[in-house]
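Work through the exercises below with the coordinates open. Each task is followed by a stepwise solution.

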Amino acid sequence: MTASTDLETEAARRILVLDGAMGTMIQTRKPDEAFYRGTRFADYPRDVAGNNELLSLTQPALIRDIHIAFLNAGADILSTNTFGANRISQADYGMADLAYEMNVAAVRIAREA
């Protein structure tokens, strides 16, 4: 059986619950500039606060914990922390070249959860 077959079977049997708002959950932690930067971007020349997708690279444990909280609340389906993980959005932070890496990391974290 494939994951898509399992999903189709479950969706035919019951209502599936999608996780909630990742950005809102991140903001409840009140992250500051240093938190967003982590050690990897400690000396980065631009502000990165608000770049939630960067947290998949700098604070993966936080993103994993949020996914787990959604699962514990009853979510059947997890979305990834990739809403702004595209070259256009990341250009605002001078991080367009990191979009692919952010997407890969975000998927890995969701699968781990």
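Is Phe41 buried or exposed? The model is predicted. At 8% relative accessibility, Phe41 counts as buried, because the cut-off for that class is under 20%.

**Exercise 1. Classify the aromatic pair.**

Task: find how many aromatic pairs the structure holds, and give the geometry.

Step 1. Count. The structure holds one aromatic pair.
Step 2. Get the geometry. The ring centres of Phe41 and Tyr44 are 5.9 Å apart, and the planes meet at 85°.
Step 3. Apply the cut-off. Planes over 60 degrees apart count as edge-to-face, so the Phe41–Tyr44 pair is edge-to-face.
Step 4. Check the partner's burial. Tyr44 is buried too, with 19% relative accessibility.

**Exercise 2. Describe the surroundings of Arg37.**

Task: state where Arg37 lies and which residues it contacts beyond four places in sequence.

Step 1. Place the residue. Arg37 belongs to helix H3, residues 33–37.
Step 2. Assign burial. The relative accessibility of Arg37 is 11%, so Arg37 counts as buried.
Step 3. List the contacts. Beyond four places in sequence, Arg37 meets Ala42, Asp43, Tyr44, Arg46, Asp47, Val48 and Thr58.
Step 4. Add the polar contact. The side chains of Arg37 and Glu33 are joined at 2.9 Å.

**Exercise 3. Compare two glutamines.**

Task: for Gln59 and then Gln27, find which polar atoms their side chains approach.

Step 1. Place Gln59. Gln59 sits in the loop between helix H4 (55–58) and helix H5 (60–72).
Step 2. Find its contacts. Outside four places in sequence, Gln59 contacts Phe35 and Gly38.
Step 3. Name the polar partner. A polar atom of the Gln59 side chain lies 2.9 Å from the backbone oxygen of Phe35.
Step 4. Place Gln27. Gln27 is in helix H2, residues 22–28. Its relative accessible area is 39%, so Gln27 is partly exposed.
Step 5. Find its contacts. Gln27 touches Tyr36 and Asn52, leaving out residues up to four places away. The C-alpha atoms of Gln27 and Asn52 are 9.0 Å apart, with these positions 25 residues apart along the chain.
Step 6. Name the polar partner. The side chains of Gln27 and Tyr36 make a polar contact of 3.0 Å.

**Exercise 4. Examine the backbone at Lys30.**

Task: what is the sign of phi at Lys30?

Step 1. Recall the background. Most residues other than glycine have a negative phi.
Step 2. Read the angle. Phi of Lys30 is near 50°, a positive value in a residue other than glycine.
Step 3. Add the setting. Lys30 lies in the loop between H2 and H3. Its relative accessibility is 70%, so Lys30 counts as exposed.

**Exercise 5. Test helix H7.**

Task: check the span of helix H7, then find where its buried residues lie.

Step 1. Compute the expected span. At 1.5 Å a residue, the 14 residues of H7 (residues 99–112) should span 20 Å.
Step 2. Compare. The end C-alpha atoms of H7 are 20 Å apart, which agrees.
Step 3. List the buried residues. In H7 these are Ala99, Met102, Ala105, Ala106, Ile109 and Ala110.
Step 4. Look down the axis. The buried residues of H7 fall within an arc of 130°, so they line one face of the helix.
Step 5. Check the other side. There, Tyr100 and Arg111 of H7 are exposed.
Step 6. Find the cover. H4, H5 and helix H6 (87–91) are among what covers the buried residues of H7.

Key. Residues numbered from 1 in each chain as written. Predicted model: local features only at pLDDT ≥ 70, side-chain atom pairs only at ≥ 80, totals over all residues. Heavy atoms only, no water. Helix = DSSP H or I, 4+ residues; strand = E, 2+ residues; numbered from the N terminus. Buried < 20%, exposed > 50% of the residue type's maximum accessible area, 1.4 Å probe, protein only. Polar contact = N/O pair within 3.5 Å; in protein donor to acceptor, adjacent residues only side chain to side chain. Contact = heavy atoms within 4.5 Å. Phe/Tyr/Trp six-rings, centres within 6.5 Å; stacked < 30°, edge-to-face > 60°. Expected span 1.5 Å × (residues − 1). Arc of directions from axis to C-beta.
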